[in-house]
Amino acid sequence: MGMQVCTNDNRELVVHIDRVYQEVRSEGRLPKANGGWSSIEPVGLAHDACRKLSALAHREVELIMGKRPDRRESPSIRIVEVGFAMGMSTLAMMRGVLGAGVALEHIEHTAIDPYAGSSWGYAGRLLMQRCGLQDAVTVIEEDSAVALPAMLSDGAAQSIDLIFIDGGHRFEEVFLDLTFASRLIAPGRLVIVDDIWMPSVCKAIRYFERNGLARVALDTQAGGSLALLRFVDAPSRDWDAFKDF
Ligand SMILES: C[S@@+](CC[C@H](N)C(=O)[O-])C[C@H]1O[C@@H](n2cnc3c(N)ncnc32)[C@H](O)[C@@H]1O
C-alpha cells in the first residue's frame with residue numbers, strides 16, 4: 001500500500017507487509033491451505049479501496065492514541081471486521097495501524113467470516129502468517145449475526161476502537177451488523193461500511209442517519225465506496241421513536 005512513511009519501530013514489519021501486498025496484487029491470487037489458489041478479485045477489496053482503508057485506520061488510530069497520553073494504561077487497539085474473505089482488507093487495516101506506531105502485540109483484530117474456510121480455503125489465514133500477523137488477527141468462522149452479539153455477551157460493549165463492515169450485503173445483514181456495531185464501538189469512534197453503491201447497504205445506513213443515531217460521511221472519491229459512521233449518544237429517545245428512511 002505504501003502511502004505512509006513509517007517512522008517507528010514497526011518499520012521492518014511494515015516494509016514486509018508492503019512487499020507481500022505488492023506480490024499478491026501482481027499475482028492476483030493467494031494460495032489456499034490445502035493446495036490450489038483463490039483469486040483475490042472480485043471478492044477482495046480493490047487496490048484503491050485498500051489504500052483508503054489503510055489511510056483511514058492510520059488516521060483514526062493516531063487520533064485515538066493522541067487522546068491517550070499515558071499509553072501504558074490502555075495500549076491496545078481493538079478492531080472488529082465483518083467479512084474477512086482472503087484477508088485483503090485485514091491486511092490494509094493492519095498496515096495502517098502498524099504504520100501509526102501501535103506495537104503488534106497491542107493490536108487485537110477480530111475478523112468474522114463463516115466462509116473463510118469453505119469458500120476461500122483459508123487463504124486469508126495463510127496470508128496473515130506470510131505477513132507475520134497471525135497472533136494479532138483472530139478469525140471467527142461464524143455468521144456475524146451470531147458472533148457480534150456473542151462479543152457483547154462477553155463484555156465487549158463500547159470497547160472496540162474501529163469497525164469495518166463488508167460481510168453479507170443483504171439489507172437485513174448490513175442492518176444487523178450496524179446495530180451490533182453501534183453497541184460495540186467505543187464512544188465517538190469510527191465504523192466504516194463498504195459498498196455504498198448497493199441500495200441494500202445505503203438503505204441500512206440511512207436508517208441510522210435519519211433517526212439521529214449516527215453522523216454519516218460518504219467517501220466516493222477515486223472510485224471509493226465507503227461510508228464513515230460515528231454513532232451518537234441518543235439517551236432521550238421516545239420508546240416508539242421512528243423516522244421513516
Ligand atoms: C466482499 S467479501 C469481503 C472482502 C474482504 N473484506 C476483503 O477485502 O478481502 C464479503 C465476505 O463476507 C462474508 N460473509 C457473507 N455473509 C456473512 C455473514 N453473515 N457474516 C460474516 N461474513 C459474511 C463472505 O464469506 C465474504 O467473504
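**Exercise 1. The ligand shell**

Determine how the residues of the shell around the ligand divide into nonpolar, polar and charged in this predicted model.

*Solution.* Begin with the shell itself: 21 residues surround the ligand. Glycine is counted as polar in this classification. On that basis, the shell divides into ten nonpolar, seven polar and four charged residues. The closest residues to the ligand are Leu-45, Gly-83, Ser-89, Gly-167 and Gly-168. Turning to secondary structure, the elements that give two or more residues to the shell are α3 (88–99) and α5 (144–153).

**Exercise 2. A strand pair and its connection**

Establish in which sense β4 and β5 pair, and what handedness the crossover between them has.

*Solution.* First, locate the strands: β4 covers residues 107–112 and β5 covers residues 137–140. Next, consider the bridges: there are four, and the pairing is parallel. Within this pair, His-109 has Val-137 of β5 as its bridge partner. Finally, follow the chain from β4 through helix α4 (residues 123–130) to β5; this β-α-β crossover is right-handed.

**Exercise 3. The overall fold**

Assess why the protein is as compact as a globular protein of its length.

*Solution.* Start with the inventory of secondary structure, which comprises seven helices and nine strands. The radius of gyration is 17 Å, close to the 18 Å that the globule rule gives for 245 residues, so the protein is as compact as a globular protein of that length. Along the principal axes, the C-alpha trace spans about 55 × 40 × 35 Å. As to burial, 42% of the 245 residues count as buried. Lastly, among contacts between residues at least 6 apart in sequence, 75% join residues at least 24 apart.

Note on methods
Residues numbered from 1 in each chain as written. Predicted model: local features only at pLDDT ≥ 70, side-chain atom pairs only at ≥ 80, totals over all residues. Rg over C-alpha atoms; globule rule 2.2 N^0.38 Å. Buried ≥ 20, exposed ≤ 12 C-beta atoms within 10 Å, placed from the backbone. Contact = placed C-beta atoms within 7 Å. Pairing = 2+ DSSP bridges. Right-handed = clockwise from strand over helix to strand, strands pointing away. Near = placed C-beta within 6 Å.
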